[in-house]
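Me: I would like a close look at a single part of this structure. Please take the part that faces the DNA, then follow it inward.

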Amino acid sequence: MNAKRADTIVVLDFETSGLSPDMGERAIEIGAVLIEGGEITDSFQSLMNPGIRISAFIEDYTGISNAMLSKAAPCEEVMKRFNDFIAGHNLVAHNASFDKRFLDAELSRVSCSYPGDFACSLLASRRIFQDAPNHKLGTLVQYANLDTVSSISSGSFHRALYDSEMTAKLWLAMLEDIGERYGIYDLPFSFIQQLSKVPKKSVHKFIKD
DNA sequence: TGCCAGGCCCTCTTTAGGGCCTT
């Protein structure tokens with residue numbers, strides 16, 4: 001595994017068959033982008049065959065069909081490749097507790113684990129974009145006036161690569177917002193992690209201090 | 001058979017309940 005590089009972040013997003021790996025749900029698609037020096041420099045996307053049929057609700061929600069998954073590589077094969085992609089990088093996801101559960105569950109099936117740090121763009125946005133109508137990814141993309149035209153995927157919301165790209169843009173927008181408001185740039189990953197835990201009322205003081 | 005998540009966060013709170021987010 002590579003040594004961890006503090007200036008690089010992998011933003012990831014899973015599409016899954018349901019909400020909980022503890023209830024037998026599986027990952028069906030992984031998408032991720034690599035951020036280096038404030039720019040997206042690499043990406044990873046793959047459907048993965050979980051070996052179970054997904055519900056009509058999930059087919060409709062994601063646009064991923066059972067027929068598409070039947071032709072995809074097995075989860076185990078994809079996760080081994082993805083494990084190599086994330087090695088040495090900090091991770092970010094929107095509602096990270098959800099993606100972390102599936103990442104841990106799928107990696108454990110191939111006898112791998114991710115020992116690094118995970119940050120959550122949802123928790124961060126509740127503190128940085130406190131005036132947003134809500135903190136769903138789509139709403140925040142609109143609120144922050146982000147470019148919704150993807151440069152790396154042909155997908156849309158609820159597809160893994162597209163959502164990971166939009167989450168990456170949101171992450172960069174939040175860093176930019178702190179920079180513009182406080183004149184603080186090049187914030188370390190760990191700072192946003194800590195910021196995501198402070199009470200909303202204390203965000204201003206936390207950043208100033 | 002029938003059930004079905006879990007962490008965060010607010011408040012009419014802490015001996016609890018319910019909404020927000022993710023698929």
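Reply: What follows starts at the DNA surface and ends in the protein interior.

This is a predicted model, in which local features need pLDDT of at least 70, side-chain atom pairs count only at pLDDT 80 or more, and totals for chains, interfaces and linings use all residues. Residues are numbered from 1 along each chain as its sequence is written, chains are lettered from A and ligands numbered from 1 in the order in which they are written, and side-chain values use heavy atoms, with hydrogens and water left out.

Start with DNA strand B. It is surrounded by 28 residues. A residue counts as near when one of its heavy atoms lies within 4 Å of the strand. Glu15, Met23, Tyr61, Arg127 and His135 are the closest. The surface residues divide into 9 nonpolar, 10 polar and 9 charged. Here Ala, Val, Leu, Ile, Met, Phe, Trp, Tyr, Cys and Pro are nonpolar, Asp, Glu, Lys and Arg are charged, and the others, Gly among them, are polar.

On the DNA side, sugar or phosphate holds 63% of the strand B atoms within 4 Å of the protein; bases hold the rest. Two side chains place a polar atom by a phosphate oxygen: Asp22 at 3.3 Å and Tyr61 at 3.2 Å. Asn95 instead puts a polar side-chain atom 2.9 Å from a base oxygen. Strand E1 (8-16), helix H1 (56-62), helix H4 (96-109) and helix H5 (121-128) each give two or more residues to this surface. Helices (H or I, at least four residues) and strands (E, at least two) are DSSP runs, numbered from the N terminus.

After H5 comes a loop that leads to helix H6 (137-143), and Pro133 lies in it. Pro133 counts as exposed because its relative accessibility is 68%, and exposed means over 50% (1.4 Å probe, protein chains only), buried under 20%, partly exposed in between. Beyond four places in sequence, Pro133 touches Thr139 and Tyr143; contact means heavy atoms within 4.5 Å.

Now go inward. The largest nonpolar core has 32 residues, and Trp171 and Ile178 touch the most other members. Such a core is a set of buried Ala, Val, Leu, Ile, Met, Phe, Trp, Tyr and Cys residues joined through side-chain atoms within 4.5 Å. E1 and H5 are among the elements supplying at least two residues each. Helix H7 (160-182) gives the most, with 10 residues. Beyond four places in sequence, the contacts of Ile178 include Ile128, Leu187 and Ile207. A second, separate core of 27 residues includes Ala27, Leu34, Met48 and Phe98.

Terms used
Polar contact = N/O pair within 3.5 Å; in protein donor to acceptor, adjacent residues only side chain to side chain.
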